[in-house]
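Here is a short briefing on one protein chain. Keep the sequence and the 3D view open while you read.

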Amino acid sequence: DVVVHQVHLHHRVIHGQRLDGQVRRAHLAIQSLSVDDAVMQMNLMNNDFYVFQNQQSQALSIVYRRKEGGFGLIEPHLPDAPVAATGT
C-alpha cells in the first residue's frame with residue numbers, strides 16, 4: 001500500500017501576470033486508476049507527478065513525489081458555495 005498525504009489547495013487567480021510563453025502546456029488522456037496504480041504509473045514513466053481520475057472518489061487527482069520521500073495526493077475541489085445571508 002502507498003501512504004499518501006492529502007493536501008487541499010485553494011486555487012487563486014493572480015491578476016496582472018502574463019504567463020504566455022512561460023507555461024508549457026500538455027494535453028493529457030486521464031485514466032481511471034486507484035491511487036496505488038497511479039503511483040506505479042508515475043514511477044514507470046519516471047515522472048514526479050501523475051494526473052488521474054481516482055477510482056474511489058471519481059475525482060480528478062494528482063499524485064506526486066515528495067522531497068522528503070514518499071508520495072503526496074492532491075484532490076482539487078471547488079470551494080464551498082457561499083451561503084446567502086438571511087436577516088430581517
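The points below cover confidence, overall layout, the core, the helix and three selected residues.

This is a predicted model. The protein chain holds 1 helix and 5 strands. Their order along the sequence is β-β-α-β-β-β. Confidence varies along the chain, with a mean pLDDT of 45 in strand 1 and 96 in strand 2.

**Confidence**

- The average pLDDT of the protein chain is 77, and 65% of the residues reach at least 70.
- Strand 1 (residues 4-7) has the lowest confidence, while strand 2 (residues 32-33) has the highest.
- Over residues 1-16, pLDDT stays under 50.
- The model still has 22 contacts beyond four places in sequence for residues 1-16.
- Where pLDDT is low, predicted coordinates should not be read in detail.

**Overall layout**

- Of the 88 residues in the protein chain, 20% count as buried.
- The accessible surface is about 7600 Å². Carbon and sulfur atoms account for 53% of that surface.
- Among contacts with a separation of 6 or more, 29% join residues 24 or more positions apart.

**The largest nonpolar core**

- This core has 10 residues: L33, V35, A38, V39, M42, Y50, F52, V63, F71 and L73.
- Helix 1, strand 3 (49-54) and strand 5 each supply at least two of the core residues.
- Helix 1 gives the largest share, 4 residues.

**Helix 1**

- Which residues of helix 1 (residues 35-44) are buried? They are V35, A38, V39 and M42.
- Seen down the helix axis, these buried residues fall within an arc of 100°, so they line one face of helix 1.
- The spacing fits a general rule. An α-helix has 3.6 residues a turn, so residues three or four places apart point the same way.
- M42 belongs to the largest nonpolar core. Beyond its neighbours within four places in sequence, M42 contacts N47, D48, F49, Y50, V63, Y64, R65 and F71.
- Just after helix 1, N46 has a positive phi of about 60°.

**S61 in strand 4**

- S61 sits in strand 4 (residues 60-65).
- Is S61 buried or exposed? S61 is buried, with a relative accessible area of 0%.
- A polar atom of the S61 side chain lies 3.4 Å from the backbone oxygen of A59.
- Leaving out residues up to four places away in sequence, S61 touches Y50, V51, F52, N54, L73, I74, E75 and P76. Two of these partners, I74 and L73, are taken up elsewhere in this briefing, L73 as a member of the core.

**I74 and H77**

- I74 lies in strand 5.
- The relative accessible area of I74 is 19%; the cut-off for buried is under 20%, so I74 counts as buried.
- I74 and L60 are 14 residues apart in sequence, and their C-alpha atoms are 8.8 Å apart in space.
- H77 is in the segment after strand 5 (71-74).
- H77 is partly exposed, with a relative accessible area of 40%.
- L60 also pairs with H77 in this list: the two are 17 residues apart in sequence and 8.7 Å apart in space, C-alpha to C-alpha.

Note on methods
Residues are numbered from 1 along each chain as its sequence is written. This is a predicted model: local features need pLDDT of at least 70, side-chain atom pairs count only at pLDDT 80 or more; totals for chains, interfaces and linings use all residues. Side-chain values use heavy atoms; hydrogens and water are left out. Buried means under 20% relative accessible area, exposed over 50%, partly exposed in between (1.4 Å probe, protein chains only). A polar contact is a pair of N or O atoms within 3.5 Å; within protein, one must be able to donate a hydrogen and the other to accept it, and residues adjacent in sequence count only if both atoms are side-chain atoms. Contact means heavy atoms within 4.5 Å. The arc is that of the directions from the helix axis to the C-beta atoms. pLDDT is the predictor's confidence in each residue, from 0 to 100. Accessible areas come from the Shrake-Rupley method with a 1.4 Å probe; for residues, only the protein chains shown count as cover. A nonpolar core is a set of buried Ala, Val, Leu, Ile, Met, Phe, Trp, Tyr and Cys residues joined through side-chain atoms within 4.5 Å.
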